[in-house]
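Here's a quick tour of how a protein meets its DNA in this entry, plus a look at some backbone oddities. Have the structure open while you read.

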Amino acid sequence: MRKTVTSTELLNSNFPRLFPSSSASSSFSFFHPHHLPIRFLPPNPNLPSPVHPEAQELFLSSLKTLSRTTITLREIESLHCAATKSGFAVRGQVGIGLLNLYAKPGSLDVGRKLFDEIYERDALPWTILISGFSRNGKHETGIQLFAGMIAEDTLPNRFTLASVLKCCANLRDLGKGREIHGWILRNGISPDAVLDNSILEFYVKCGAFGYAKRFFGTLTSSDAISWNIMIGAYLEIGDVDSSMELFGNSLYRDVSSWNTIINGLMQNGFDSVSLQLLYRMVEIGPQFNHFTYSMAVTLAGTLALLALGRQIHGRVLRLGYEHDGYVRNSLISMYTKCGKMEASSFVFSRSLHSFDGSVAKSIDWSSMIAGFVQNGRGEEALHLFFRMLQEGVSVDQYTLTSIASACSSAGILEQGKQVHACVEKLGYGIDVFLASAITDMYAKCGSLTDARKNFESMDRKNVVLWTSIIGSYASHGHGREAIQLFDRMLNENIMPNEISFVAVLSACSHGGLVKEGYKYFRAMQENHNVAPGIEHFTCMVDLLGRAGLLDEARNFIYENSISHHTVMWRALLSACRVHQNVKMAVWASEQLVQLDPDDVGSYVLLSNIYASQRKFAEASKLRKLMQDRGMTKEPGWSWIQLRNKVHAFVAGDRSHPEAEGIYSYLERLFGRLKGLGYSSRNDLVLHDVEEEQRESMLSFHSEKLAIAYGIISTPSGTPLRVMKNLRVCADCHEAIKYISQDTSREIVLRDAHRFHHFKQGECSCGDYW
DNA sequence: GTAGGGTTAG
């Protein structure tokens, strides 16, 4: 199916109007010298003649050799210095040799100064500089330089054209690129694979797909790269079928072709097809190279195929590919995605102590840190981050995003603020990922106002950022505001995803907004094509139950055939506690124990319920059963951050250095609270609370200890922020209301479910949580 | 020309 379009047809079709001329400058309408944004020094003919011609030749050839090695800026500068001292023509060939060295990351600006001095300015020095800037992502500068070159009437060569087309491609500047293509055709630059491919890529990147296809058809010198560009182009627009067809018909099916199609399939979410193709490659395809290995490892990670990942790792080690930065980093991520943090640490630490030059880069640190965060090991993430800072590894947005998320879950506002400050100090602004993480951090650390401020400061908001702020308002119990934000998001044509609906539904449930909840639950399916998942059903059960519609909630569970999910019964049980419906509570917790006989929580709940009904025999039977089976429950603990230090407590904890003071303060405090009308609420234990629920320890629950410590360690009137890993128990909730009244303190408590703002004897949750 | 790290709920 070869296309029959000729290059002349292509040229005449609808290129911009050009000025036919032999002179380079006048044929580019957009590169007019008057519009030049930068000035170039005129060539300088006053060059000193070389002192030792042979020495200069020798120096030149060593520069060429050095250009193939890695060389630091300081080394280049000392060479430069030596050349000047020896009287070599740094404005001529030697200058070009040095320029070639300077055209590396970080030294381009120095290179450009040198360039201004060079008097023999044919296409070569221009090309070195243009391709240098384009390689380093400074595409605008590349184009400006090209304009300067044309203005000086220097004729570009194929390399120059390929480089500047790359700049146009990356800037998606269709106009300029087509003008250059036109010039190439008109000036009869003979076809060459490198140039042709850069033209092809330019059209693909600019989205001019029709052009790309037609141009591909005209190619006489196409190679594997041309085919790959086209295959990649189809994959880019999601046309998997065409890309597969092209791959099947490809004349050149080398490693890179396989890599292109396999990677493209992965990018389009066709992970299993991609894996099949990888197996096919093993059978009939060429040998894997480092690209293939890196992708294979990544694929094993996304599919969480640990066994496969390990197998590939073994092969990687045998073949020595673990020194490749990409392969190593893919390995780190693969293991973190499979939850094998020890294995990732192993790969990571080997690169830390490596002697072969493949040292861990900041991307490896980032992957490790992200892995810890994603596996719920925030503390280790923070430790690694501090070590990263100590060792002077550069920190970027990726790292900070993970760290912000670690601060969120740890609820450590001080460090979170430092991350925010760090972002501002680094000066590269906040992208939408980081903004979402920071918004969430402020909200989860108790500061909704800062979360909102950060949210509003972003010009471009995506679903995730919106969902973060909606979820923040929901968890702080501001249902109405959350709904308003959700509607504002819809007005701004942002498509909500399944998580956005979890956020808005939970907002409805925390705010008791039944009608609205139903509205969004329906809209989700009817208008937004989001099928309800377990989380959405849970929110609905929660919403109905909390509003006191217990029967409706139970019916909802059966109508939607979700009665086999323990979370539903847990939600219903929580509602039973709020509305003190013991009968349904017993029934619901029996369902729970039946569904999951190994779940400790269900036993604790049921035994608590029996106890509350004074059925102590049943209660203790259950407790004994738990003991016999060796079932233990996650201990409840609370923490408070004061002066940059986190103080953590478990129930009855006496390990804190100031335990003495804390306990004697609590004794006195409870004396006063009773005077205000507080009495222990042992009747309200129908909740999924932890071991510390035991009556004798009620007054020394972890949250009470943390709050007491907060009170005695801060000046009166200071608001307190306390975090807890489980849900707050009914007695503590009641007690903290009185504490806020007695001490005139604002107390913000984050539990496993939501925020409670206690103020003057009231809680923002209105006792529904 | 083809490869690696980040955010929201539960």
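## Who lines the DNA

Helix α24, spanning residues 432–444, gives the most to the surface near DNA strand B, chipping in 7 residues. Keep in mind that this is a predicted model. In total, 49 residues surround DNA strand B, and the closest are Glu201, Asn228, Ser256, Asn263 and Asp431. Of the DNA strand B atoms that come within 4 Å of the protein, sugar and phosphate make up 39%.

What kinds of residues make up the surface near DNA strand B, going by nonpolar, polar and charged? The split is 25 polar, 15 nonpolar and 9 charged.

## Polar contacts to pick out

On the phosphate side, take a look at Lys337: a polar atom of the Lys337 side chain sits 3.4 Å from a phosphate oxygen of DNA strand B.

Bases get contacts too. Ser366 places a polar side-chain atom 3.0 Å from a base nitrogen of DNA strand B. For Thr401, an N or O atom in the side chain is 3.1 Å from a base nitrogen of DNA strand B.

## Backbone oddities

Now for the loops. Arg172 isn't a glycine, yet its phi is positive, near 55 degrees. You'll find Arg172 in the loop between α8 (158–170) and α9 (174–186). Is Arg172 buried or exposed? Partly exposed: the relative accessible area of Arg172 is 49%.

Gln760 also has a positive phi, about 45 degrees, despite not being a glycine. Look for Gln760 in the loop between β5 (755–759) and β6 (762–763).

Note on methods: Residues are numbered from 1 along each chain as its sequence is written. Chains are lettered from A and ligands numbered from 1 in the order in which they are written. This is a predicted model: local features need pLDDT of at least 70, side-chain atom pairs count only at pLDDT 80 or more; totals for chains, interfaces and linings use all residues. Side-chain values use heavy atoms; hydrogens and water are left out. A residue is near a molecule or strand if one of its heavy atoms lies within 4 Å of it. A polar contact is a pair of N or O atoms within 3.5 Å; within protein, one must be able to donate a hydrogen and the other to accept it, and residues adjacent in sequence count only if both atoms are side-chain atoms. Helices (H or I, at least four residues) and strands (E, at least two) are DSSP runs, numbered from the N terminus. Ala, Val, Leu, Ile, Met, Phe, Trp, Tyr, Cys and Pro count as nonpolar, Asp, Glu, Lys and Arg as charged, and the others, Gly among them, as polar. Buried means under 20% relative accessible area, exposed over 50%, partly exposed in between (1.4 Å probe, protein chains only).
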